[in-house]
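Here are a few notes to read alongside the structure. They go point by point, so keep the view open as you go.

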Amino acid sequence: MKIKQATYTNLTFVVVITMVLLISTSAFASADAAKNKVKAVFGQIEASLVTLKQTQRLTKVNIRAVLTEYLLPEVETRYFTYKVLNKNLTKVPEALRESFVTELSLQLINTYSSLLNKYNNEQLYIGQSSLSPSGKMAMVDITIVGKTKSNKALVKLMQSNANDWLFFDIEVEGISLLQTKQGEINASFNRLGVDGTLLHLKNINQRVIEE
């Protein structure tokens with residue numbers, strides 16, 4: 001009886017250890033997938049910026065084109081928009097929500113293009129990646145190295161229904177783009193309401209295009 005019990009205990013131990021190893025391997029694979037997505041997307045953006053810089057075509061228009069081609073398709077724009085709207089989401093009629101997704105997605109691209117307009121051959125180094133406890137979100141460290149200083153950034157991604165990783169926020173030196181936009185939109189809703197805020201976003205985006 002003792003031999004049978006010992007055998008059963010050993011078998012249980014082996015099964016538990018195997019399951020733990022499988023879960024750990026899956027988590028590492030998922031974190032690596034998020035890191036690889038960041039490498040691929042930002043690698044394409046960096047290569048395009050280098051080319052624009054070398055050919056003296058580093059303009060906001062061209063930068064926006066690069067971001068629209070490589071970054072925008074990899075952003076979970078609806079999630080980003082709804083998080084930006086936050087408590088104001090319930091005030092937005094269903095018929096207008098898609099318009100907010102469109103305009104806030106343009107805001108995201110325009111904000112990045114303004115930042116990258118000062119690009120001066122900085123290099124991006126992709127660091128460690130980590131997963132949230134649920135495994136549905138990932139964070140990837142980036143170091144932006146320039147000639148005189150370096151900056152730290154943190155890219156946040158979420159798993160889509162297709163099990164792909166999509167961007168939804170980036171922090172540069174601890175400042176979150178999503179939270180910054182959230183504050184701006186909240187103030188706009190208090191001042192202008194739903195329709196006024198949407199019109200305000202459209203006007204800003206139109207002015208940027210016309211620059």
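**Notes on the sheet and helices**

1. Let's start at a turn. Strands S4 and S5 make a hairpin, with 2 residues between them. Glu 173 sits in that turn and has a positive phi of about 50 degrees. Bear in mind that this is a predicted model.

2. The pairing behind this hairpin is antiparallel, with 2 bridges joining S4 (residues 165-172) to S5. If you want a spot to look at, take Glu 171, whose bridge partner in S5 is Ser 176.

3. Now go to the other hairpin that involves S4. S3 and S4 are linked by a turn with 5 residues between the strands, and Asn 163 in that turn has a positive phi of about 65 degrees. Strand S3 (residues 150-159) runs antiparallel to S4, and 7 bridges join the two. Ala 153, for example, has Val 172 in S4 as its bridge partner.

4. How do these strands fit into the whole sheet? The sheet is open, has 5 strands and follows the order S1-S2-S3-S4-S5, with antiparallel pairing. Strand S1 (123-131) and strand S5 (175-176) stand at the edges; each has a single partner strand, so one side of each lacks a neighbour in the sheet. As a general reminder, strands of a sheet pair through backbone hydrogen bonds.

5. Is S4 mostly covered or mostly uncovered? Mostly covered: 7 of its 8 residues are buried.

6. On to the helices. Helix H4 (residues 94-116) and helix H5 (residues 177-210) have axes that come within 10 Å and cross at roughly 95 degrees. An angle of 65 to 115 degrees counts as roughly perpendicular, so that is how H4 lies relative to H5. Sorted by class, the residues in the contact of H4 with H5 are 14 nonpolar, 6 polar and 4 charged.

7. Last, have a look at helix H2 (residues 60-70). Which of its residues are buried? They are Ile 63, Arg 64, Val 66 and Leu 67. Seen down the axis of H2, these buried residues fall within an arc of 160 degrees, so they line one face of the helix. Note that a charged residue, Arg 64, is on that buried list.

Methods
Residues numbered from 1 in each chain as written. Predicted model: local features only at pLDDT ≥ 70, side-chain atom pairs only at ≥ 80, totals over all residues. Heavy atoms only, no water. Pairing = 2+ DSSP bridges. Helix = DSSP H or I, 4+ residues; strand = E, 2+ residues; numbered from the N terminus. Axes fitted to C-alpha atoms, helices over the stretch in contact; angles between N-to-C directions. Parallel < 35°, antiparallel > 145°, perpendicular 65-115°, else oblique. Buried < 20%, exposed > 50% of the residue type's maximum accessible area, 1.4 Å probe, protein only. Arc of directions from axis to C-beta.
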